[in-house]
Amino acid sequence: GYSQSKVVCEDLVRNAQEHHGVCVQVYRPSAIGPHTGTGFWNARDFSFLLLQTMLLVGAAPSPCNMVFKWIPVDFVARAVVALALATPCHRCAVTLPGTGPRVVEVLQVIERHLPDRPLDRVGADQWRARVTGQLAAHKVIGPLLHLIANVNFAADLPPIPRQCEEDALSTVSLCWPRDHESTWALGVQTLRSQEAKGASEFCLVCLACLSPSRSLGGHDKRPYMLGRCRVPRHLHGGL
């Protein structure tokens, strides 16, 4: 599946580096979470769709120990650019893992900021019944129905070590972002924001948003871009 394909791709990249001298770097962010300033994030991200499902069916599973492991999209953008320009090619992979929030913490934020959308706490069987019964025809969630209905919300996986990455980030004057409820609240607002539709497929790293005036450690300061940027015009410069 999706995760296995990433392993295969990394093997191909590592082979190109080891046997053909290709300079490559792999960046492994965990779940890309809301922007710390605007709250916008990928509306096709699985955790976004999971929360949207809860709002649509008016319920959330209980018990729930699951952690989203969000890492803010603006931090990922800055980290990838800075490390790509500063990290030697012999270091092939950089992991950027998030540490929170727990799903129950996000549900508490939903209760405070979306009081008109109460969520019943239901058991796993009732959760599956509601999801499969109400959203089978949903054009976005429908194709993922089996995955969403069978998420193991009771799982409590250990955090991913990140000391090496923190040391690497310190060399480019970047600090690991802290988990802030204010960022989660901004992200929750986008769950039903009409503007979120305009940002549903924005590029992971909008390098075009890098102003030519920003210092990039002595490297070329012209804007860079990966693919076509789909960030709404009014959000440019926010990364």
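**Entry 1: helices H4 and H8**

I began with helix H4 (residues 103-113) and helix H8 (residues 181-190), whose axes come within 9 Å and cross at roughly 65°. I am working with a predicted model, so I keep that in mind throughout. I looked up the handedness too: H4 and H8 make a right-handed crossing. From H4, the residues in the contact are Glu105, Val106, Val109, Ile110, Arg112 and His113. H8 brings Glu181, Trp184, Ala185, Val188 and Gln189. Sorted by class, the contact of H4 with H8 has six nonpolar, two polar and three charged residues.

**Entry 2: helices H2 and H4**

Next I turned to H4 and another partner, helix H2 (residues 46-57). The axes of H2 and H4 come within 12 Å, and I noted a crossing angle of roughly 50°. Why do I call H2 oblique to H4? An angle from 65 to 115 degrees would count as roughly perpendicular and one under 35 as roughly parallel, and the crossing of roughly 50° fits neither, so H2 is oblique to H4. The crossing of H2 and H4 is right-handed. I wrote down Leu51, Met54 and Leu55 on the H2 side, with Val103, Val106, Leu107 and Ile110 on the H4 side. How many nonpolar, polar and charged residues does the contact of H2 with H4 have? I found seven nonpolar, no polar and no charged residues there. Val106 and Ile110 were already in my notes, as H4 residues in the contact with H8.

**Entry 3: helices H2 and H5**

I stayed with H2 and looked at helix H5 (residues 124-134). Their axes come within 10 Å and cross at roughly 85°. That angle lies in the 65 to 115 range, so H2 is roughly perpendicular to H5. H2 makes this contact with Thr53, Met54, Leu56 and Val57, while H5 uses Trp127, Arg130, Val131 and Gln134. Met54 had also appeared in the contact of H2 with H4. For the contact of H2 with H5, I sorted the residues into five nonpolar, two polar and one charged.

**Entry 4: a sheet of three strands**

Then I moved on to the strands. In what order do the strands of the open sheet run? I read E2-E4-E6, three strands with mixed pairing. Strand E2 (31-33) and strand E6 (100-102) are the edges, each pairing on one side only. From one strand to the next, the twist averages 45°. Strand E4 (residues 67-72) and E6 run antiparallel, joined by two bridges. Following Trp70 across, I found that its bridge partner in E6 is Gly100.

**Entry 5: backbone details**

Gly100 came up again when I checked peptide bonds: the one from Gly100 to Pro101 is cis, with omega near 5°. Pro101 lies in strand E6. I also found a cis bond from Ser62 to Pro63, with omega near 0°. Where does Pro63 lie? I placed Pro63 in the loop between strand E3 (59-61) and E4. In E4 itself I stopped at Lys69, which has a positive phi of about 55° although it is not a glycine.

**Entry 6: salt bridges**

Last, I looked up charged pairs, and the count comes to eight salt bridges. One that I checked joins the side chains of Asp11 and Arg14, at 3.4 Å from N to O. Both residues lie in helix H1 (residues 2-20), three residues apart, about one turn of the helix.

How values were computed: Residues numbered from 1 in each chain as written. Predicted model: local features only at pLDDT ≥ 70, side-chain atom pairs only at ≥ 80, totals over all residues. Heavy atoms only, no water. Axes fitted to C-alpha atoms, helices over the stretch in contact; angles between N-to-C directions. Helix = DSSP H or I, 4+ residues; strand = E, 2+ residues; numbered from the N terminus. Left-handed = near helix turned anticlockwise from the far one by under 90°. Contact = heavy atoms within 4.5 Å. Nonpolar A, V, L, I, M, F, W, Y, C, P; charged D, E, K, R; others polar. Pairing = 2+ DSSP bridges. Parallel < 35°, antiparallel > 145°, perpendicular 65-115°, else oblique. Salt bridge = Lys/Arg side-chain N within 4 Å of Asp/Glu carboxyl O.
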